[in-house]
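Me: I'd like to take a close look at one part of this model, with the rest of the fold as background. Could you walk me through it in one go?

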Amino acid sequence: MLESTFQTKLIRELKTIFPDCIVLKNDPDYIQGFPDLTILYNDRWALLECKRSATEHHQPNQDYYISLADSMSFGRFIYPENKEEVLYDLQQAFQS
């Protein structure tokens, strides 16, 4: 599956799980390595970096930004193999 296809399906699923959430697709040319998606929900936020598989290469700075986001709120790499786990963790984070 292409990353863009996975990302499109993921956005639809996020909007189903979190009604009224705002999902922003971030500009990959603005900040090198900044995650693909920002999710705003009530008073919470998350950053997700979409990958087409668990073995896909991480670009420079992606690990840094995911770690930083996770220390502030919620940040994860997400791919088909871990999607259910990440969405579960995100639900827990948005409920607490």
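To set the scene, how many helices and strands does the chain have? Then please zoom in on K83: in which helix is its place, is it buried or exposed, and with which residues is it in contact, leaving aside its neighbours within four places in sequence?

Reply: Happy to. Bear in mind that this is a predicted model, in which local features need pLDDT of at least 70 and side-chain atom pairs count only at pLDDT 80 or more, while totals for chains, interfaces and linings use all residues. Residues are numbered from 1 along each chain as its sequence is written, and side-chain values use heavy atoms, with hydrogens and water left out.

The chain has three helices and four strands; these are DSSP runs, numbered from the N terminus, with helices (H or I) of at least four residues and strands (E) of at least two. Following the sequence, you meet them in the pattern α-β-β-β-α-β-α. The chain is as compact as a globular protein of its length, because its radius of gyration of 12 Å is close to the 12 Å that the globule rule gives for 96 residues (the radius is taken over C-alpha atoms, and the rule is 2.2 Å times the number of residues to the power 0.38). The C-alpha trace spans about 30 × 30 × 20 Å along its principal axes.

Now to K83, whose place is in helix 3, residues 83-95. K83 is buried, because its relative accessible area is 18% (buried means under 20%, exposed over 50% and partly exposed in between, with a 1.4 Å probe and protein chains only). Buried residues make up 39% of the 96 residues in the chain. Once its neighbours within four places in sequence are set aside, K83 is in contact with F6, L10, E13 and I78, contact meaning heavy atoms within 4.5 Å. Two stretches of secondary structure help to place these partners: helix 1 covers 3-17, and strand 4 covers residues 75-78. Across the chain, 53% of the contacts between residues at least 6 apart in sequence join residues at least 24 apart.

K83 also takes part in charged pairing. Its side chain meets that of E84 in a salt bridge (3.6 Å, N to O), a term that stands for a side-chain nitrogen of Lys or Arg within 4 Å of a carboxyl oxygen of Asp or Glu. E84 counts as exposed, because its relative accessible area is 54%. A network of salt bridges links E13, K83 and E84.

The structure holds seven salt bridges, and two others are worth a glance. D70 and R76 meet through their side chains at 2.6 Å, N to O; D70 is partly exposed at 35% relative accessibility, and R76 is partly exposed too, at 23%. R52 forms a salt bridge with E56, where the closest N and O atoms are 4.0 Å apart. R52 has a relative accessible area of 47%, so it is partly exposed, and E56 is likewise partly exposed at 23%.

Next, the strand pairing. Strand 4 runs parallel to strand 3 (residues 44-50), and four bridges join the two; strands pair if DSSP finds at least two bridges between them. E49 stands opposite F77 in strand 4. Between these strands the chain passes through helix 2 (residues 62-72), giving a right-handed β-α-β crossover: with the strands pointing away from the viewer, the path from the first strand over the helix to the second runs clockwise. M72 belongs to helix 2 and is exposed, with a relative accessible area of 57%. M72 and H57 are 15 residues apart in sequence and 24 Å apart in space, C-alpha to C-alpha.

Finally, two loop residues deserve a look. Most residues other than glycine have a negative phi. D20, though not a glycine, has a positive phi of about 70°; D20 sits in the loop between helix 1 and strand 1 (22-25) and is exposed at 79% relative accessibility. N42 is not a glycine either, yet its phi is positive at about 50°. The loop between strand 2 (37-41) and strand 3 holds N42, which is exposed at 69% relative accessibility.
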